[in-house]
Amino acid sequence: MDRFVVRAGRPLEGEVTVSGAKNAALKQMAASLLARGRTVLRNVPEIADVAVMAEVLEAIGATVTRPEPAVLLIDVPDEIVPEAPYDLVTRMRASINVLGPLLGRCGRARVALPGGDNIGRRKLDMHFRGLEAMGASFVRRHGFIEATTPGLIGARTVLDFPSVGATENILTAAVLAEGTTIIENAAREPEIVDLAEFLIRMGATILGAGSPTITVVGVSELTPIEHEVVGDRIEAGTFLMACGIAGGEVEINGTRLEHLDLVVMKLGEMGLKVSPTAHGLWARSDGRLSAVDIATLPFPGFGTDFMPLAVTLLAVAQGTAIVTENVFDGRFGFVDELLRLGADIHTEGRHAVVRGVDRLSGAPVRALDVRAGAALVLAGLAADGETVVHDPYHVDRGYVNLAAKLASLGADVHRTTSP
Ligand code: UD1
């Protein structure tokens, strides 16, 4: 059976390079549908979710090849089929990101509705409202959302919440719309900025990406380009937390401090030393860290994707912390697995009270989603005996060789694969 097997060992030491960001690569793959011809994406992580998005693009009519591990060639023909099938959308919610590009390019789209997932209810109302303001109509039929428009016209949308997915779908629809679109209360994540840079280089006119107001002036056509995907800040944060949990001194290449400001600040308050290097970050932990309270928020706040990793770090820190999850409902499911490892955590709605313990105690546990799974692997670094993390495929969705990369820093981690 596939699983991660982890034992606590010596402090981490050495250098590791993060891969391209999953949440940037997937969106750029979807946006490549906006232009006929060949898009070349570099620094694309070799992960399961990228493979699913490649299948989505192929179902739509594109050809996707990977001549080298980190390079993706996407050939988009003149004629495409604007439909994302159910089996792919249920395997990966981010498939919904083809909606904006398909509407922009074809004036219609049929995308299966994703169900719920392990981090709670995830609505799409803001995606639809933003696109409706631009002249799209939506009908739900047989588990699909069917969108049509006689032609998208730029409009002003105020998002209730800076949703990453809604900002991306509206942005990728607006680039080929007629006139000016303004997205207020837009998400500001570095992956949005990378997507905007990708689109601008294709010929789009976009101002303000990375700020709460994005202005898009529609153009009639885009040209495919070559682009290097931004480094994965969440993977970088995972190695920072690993250093905090196992101790040691690491260099993390391929990321930028400004993408991790608040995470670094919180880890600094806990006692982890972090500073920027020419290629990324350096971090050192000189002993057990101290608890601090954390509340997740959209970027530049403390990202929700770091939360399960931070809870694990706090589970072995000195003192008690309150962790508040403000972005998703039901993202504390993984806490039950940490309890199996001897953590002392009490959850109540959006809050978790984490009382640090000296050591965890190795046990079999189960990965529930990508970040929760990574968090359990890290927990094993501070657990006596052996921690076995089942369902590692959740982790494979978002990490390129997490076990091998941790092992290269001296951690006792490996992933077994069934024949
Ligand atoms: C993306 C990331 C995910 C990250 C999240 C927040 C990808 C593939 N996934 O997810 O890793 O945790 O951003 O940083 O990039 N919401 C609504 N209505 C909507 C849209 C969202 O109510 O129309 C709510 C969601 O239910 C959730 C919150 O807004 O509670 C944030 O969601 P959103 O920012 O859209 O996250 P995703 O784009 O799904």
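These legends walk through a few close-up views of one predicted model.

Before you start, residues are numbered from 1 along each chain as its sequence is written, and side-chain values use heavy atoms, with hydrogens and water left out. Because this is a predicted model, local features need pLDDT of at least 70 and side-chain atom pairs count only at pLDDT 80 or more, while totals for chains, interfaces and linings use all residues.

**View 1. Who sits around the ligand?**
Here you see the shell of 20 residues that surround the ligand (a residue counts if one of its heavy atoms lies within 4 Å of the molecule). Lys27, Asp125, Ser163, Asp305 and Val327 are the closest. Sort the shell by type and you get 7 nonpolar, 5 polar and 8 charged residues (nonpolar is Ala, Val, Leu, Ile, Met, Phe, Trp, Tyr, Cys and Pro; charged is Asp, Glu, Lys and Arg; the others, Gly among them, are polar).

**View 2. Polar partners of the ligand's oxygen atoms.**
Look for pairs of N or O atoms within 3.5 Å, which is what a polar contact between protein and ligand means here. A polar side-chain atom of Lys27 is 2.6 Å from a ligand oxygen. Val327 uses a polar backbone atom instead, 2.5 Å from a ligand oxygen, and a polar backbone atom of Gly165 lies 2.8 Å from one. On its own the ligand has 740 Å² of accessible area, and the protein covers 85% of that (Shrake-Rupley method, 1.4 Å probe). Helices H1 (22-31), H5 (125-133) and H6 (164-174) each give two or more residues to the shell, and H5 has the largest share, with 3 (helices are DSSP runs of H or I, at least four residues; strands are E runs of at least two).

**View 3. Where two domains meet.**
The chain is assigned domain 1 (2-18 + 231-417) and domain 2 (22-228), with bounds from an automatic or database assignment. Their centres, taken over C-alpha atoms, are 30 Å apart. The contact (heavy atoms within 4.5 Å) takes 23 residues from domain 1 and 20 from domain 2. Together the domains bury about 1800 Å², 54% of it on carbon and sulfur atoms (area lost on being put together, 1.4 Å probe, summed over both). Each domain also gives at least three residues to the ligand shell.

**View 4. Two backbone details.**
The peptide bond from Phe299 to Pro300 is cis, with omega near 10°. Pro300 belongs to the loop between strand E18 (294-295) and helix H10 (307-315). Over at His142, phi is positive, near 50°, in a residue other than glycine. His142 is in the loop joining strands E8 (137-141) and E9 (144-148).

Key. Polar contact = N/O pair within 3.5 Å; in protein donor to acceptor, adjacent residues only side chain to side chain. Buried area = accessible area lost by both parts, 1.4 Å probe.
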